[in-house]
Amino acid sequence: MNKLPLLVLLVVILALAPLPTPAHGQTNVLQIRSQTLPITIDGNPSEWGAYDCTGKAPGLYLATINNIPQWIWCDPEGDERTNFANPDPRVDLLQFRVTADENYLYGLVIVKNMTFNIGDDGGTFVAITINRNGSTSGEVWFAGESKTKVNYTKAVWQYQVVINLADSRYRDQGKTQVTDNLTANWGGIYYIVNSSWSFQSDTDALMGADVSYSAIEFRVKWSTIGGPPSGDSFFLRMELITARGWSNYANNGGGTWDIPNASNALDCITDVPGNTWNEVQDGVVDYYIDLYFATTPPYYPVPEPITVPLLVAVAVVGFVFYLFKVRRR
Ligand SMILES: [Ca+2]
Ligand SMILES: [Ca+2]
Ligand SMILES: [Ca+2]
């Protein structure tokens with residue numbers, strides 16, 4: 001019996017089989033596990049583990065620390081604008097980290113030094129925009145009347161997370177640590193809006209800040225920001241600015257300290273070197289980061305739809321060919 005045709009079929013089948021490589025050449029993908037991550041939202045970032053950005057180029061890194069896979073943005077120290085104080089360590093972003101499990105997306109923001117109490121006027125304000133999968137429909141402005149836009153061709157947002165430690169409900173209480181839920185108030189310590197500027201509700205969403213760690217942690221349910229990761233190349237495209245915050249909670253006011261005729265962003269995630277002014281003087285944070293997530297470890301791409309029928313066809317042809325050979329014996 002001539003085995004050459006069967007050998008050819010085998011080669012064809014192997015050639016058509018999907019390869020276990022991430023789609024679109026994406027090699028850095030955060031694996032989402034089904035177990036709940038051991039993260040306590042309290043402003044103490046110790047469970048995330050130490051990551052030394054010193055000596056590293058500013059940029060995005062993927063690392064697993066304390067068994068928590070995490071995206072880590074390393075930001076330059078001392079690059080904040082100094083319109084209100086020089087230096088202004090409460091707005092000097094050092095690290096932004098993101099991780100996720102089946103239920104929640106988690107964030108960690110670390111600034112150089114929070115030299116204030118929670119609720120003080122001018123406390124740290126952070127706005128984080130979320131674009132899903134590069135969608136081109138969404139909103140362009142950062143919150144808090146920051147007079148700052150995201151990259152409006154590449155990174156319009158569908159959801160925006162805002163944390164404002166100047167929330168006036170906490171004023172003059174000497175608080176160095178708070179944990180709180182989402183609010184529906186422009187002066188609230190934690191709110192999330194969609195691209196229609198409607199407040200999202202999520203009773204599981206939490207933020208925690210502790211000025212002694214100069215850190216803010218937050219979590220939000222995937223369903224609050226458009227649903228869990230899907231597809232074989234899911235990513236969140238994010239931008240981030242810091243500012244000094246203000247609030248008069250009951251009158252529903254709050255936002256960023258104003259710098260006349262200019263962006264109110266004092267630090268941001270960017271690849272533009274030097275002072276943050278270099279990026280925001282045009283009123284636009286052009287830079288964004290793409291954070292890839294995968295839901296099923298190990299991460300294999302879904303086979304292309306055409307592959308499965310082809311494999312079936314090849315198998316059928318092979319079987320018929322085999323029967324034909326047997327009958328001719
Ligand atoms: Ca914590
Ligand atoms: Ca910085
Ligand atoms: Ca710019």
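This briefing describes the fold, the main sheet, the core and several individual residues of one protein chain. The model is predicted. The protein chain holds three helices and 17 strands, and 41% of its 329 residues count as buried. Among contacts with a separation of 6 or more, 66% join residues that are 24 or more positions apart.

**Confidence**

- The average pLDDT of the protein chain is 89, and 82% of the residues score at least 70.
- Residues 11-24 have a pLDDT below 50; this stretch makes 18 contacts in the model beyond near neighbours in sequence.
- The pLDDT is also below 50 over residues 297-307, a stretch with 16 contacts in the model beyond near neighbours in sequence.
- Where pLDDT is low, predicted coordinates should not be read in detail.

**The seven-stranded sheet**

- Seven strands form an open sheet in the order 2-3-4-5-12-11-9, and their pairing is antiparallel.
- Strand 2 (59-65) and strand 9 (177-181) are the edge strands; each has a single partner strand, so one side of each lacks a neighbour in the sheet.
- On average, neighbouring strands of this sheet are turned by 15° against each other, direction ignored.
- In general, the strands of a sheet pair through backbone hydrogen bonds, in either a parallel or an antiparallel manner.

**Pairings within the sheet**

- At one edge, strand 2 runs antiparallel to strand 3 (residues 68-74) and is joined to strand 3 by seven bridges.
- Across this pairing, Leu60 stands opposite Trp73 of strand 3.
- Strands 2 and 3 make a hairpin with two residues between them, and Asn66 in the turn has a positive phi of about 55°.
- Strand 5 (residues 104-111) pairs with strand 12 (residues 215-221) over seven bridges, in the antiparallel sense; Ile110 has Ala215 of strand 12 as its bridge partner.
- At the other edge, strand 9 pairs with strand 11 (residues 206-210) through five bridges, again in the antiparallel sense.
- Val178 stands opposite Ala209 in strand 11.
- The side chains of strand 9 alternate: Val178 and Asp180 point to one face and are buried, whereas Gln177, Thr179 and Asn181 point to the other and are not buried.

**The nonpolar core**

- The largest nonpolar core has 78 residues, of which Ile163, Met207, Phe218, Leu291 and Phe293 touch the most other members.
- Leaving aside residues up to four places away in sequence, Phe293 touches Val29, Leu30, Ile32, Ala100, Pro229, Phe234 and Phe235.

**Two buried residues and their surroundings**

- Ala155 belongs to the loop between strand 7 (149-150) and strand 8 (159-164).
- Ala155 counts as buried because it has 26 C-beta neighbours inside 10 Å.
- Beyond residues up to four places away in sequence, Ala155 touches Thr129, Asn131, Val150, Arg237, Glu239 and Tyr288.
- Ala155 and Thr129 are 26 residues apart along the chain, and their C-alpha atoms are separated by 8.4 Å.
- Leu240 is placed in strand 13 and is buried, since 25 other C-beta atoms lie within 10 Å.
- Not counting residues up to four places away in sequence, Leu240 touches Phe96, Val126, Ile128, Cys268 and Ile269.
- From C-alpha to C-alpha, Leu240 and Ala265 are 9.4 Å apart in space, with a separation of 25 residues in sequence.

**Backbone features in loops**

- A cis peptide bond, with omega near 0°, leads from Asn86 to Pro87; Pro87 lies in the loop between strand 3 and strand 4 (93-100).
- Asp172, a residue other than glycine, has a positive phi near 60°.
- Asp172 sits in the loop between strand 8 and strand 9 and counts as exposed because it has 9 C-beta neighbours inside 10 Å.
- Asn252 is not a glycine, yet its phi is positive at about 65°.
- Asn252 is in the loop between strand 13 (234-248) and strand 14 (253-256); with 13 other C-beta atoms within 10 Å, Asn252 is partly exposed.

Technical notes: Residues are numbered from 1 along each chain as its sequence is written. Chains are lettered from A and ligands numbered from 1 in the order in which they are written. This is a predicted model: local features need pLDDT of at least 70, side-chain atom pairs count only at pLDDT 80 or more; totals for chains, interfaces and linings use all residues. Helices (H or I, at least four residues) and strands (E, at least two) are DSSP runs, numbered from the N terminus. A residue is buried if 20 or more other C-beta atoms lie within 10 Å of its own, exposed if 12 or fewer, and partly exposed in between; C-beta atoms are placed from the backbone. Two residues are in contact if their C-beta atoms, placed from the backbone, lie within 7 Å. Two strands pair if DSSP finds at least two bridges between them. Axes are lines fitted to C-alpha atoms, for helices over the stretch in contact, and angles run from 0 to 180 degrees between N-to-C directions. A nonpolar core is a set of buried Ala, Val, Leu, Ile, Met, Phe, Trp, Tyr and Cys residues joined through C-beta atoms within 7 Å. pLDDT is the predictor's confidence in each residue, from 0 to 100.
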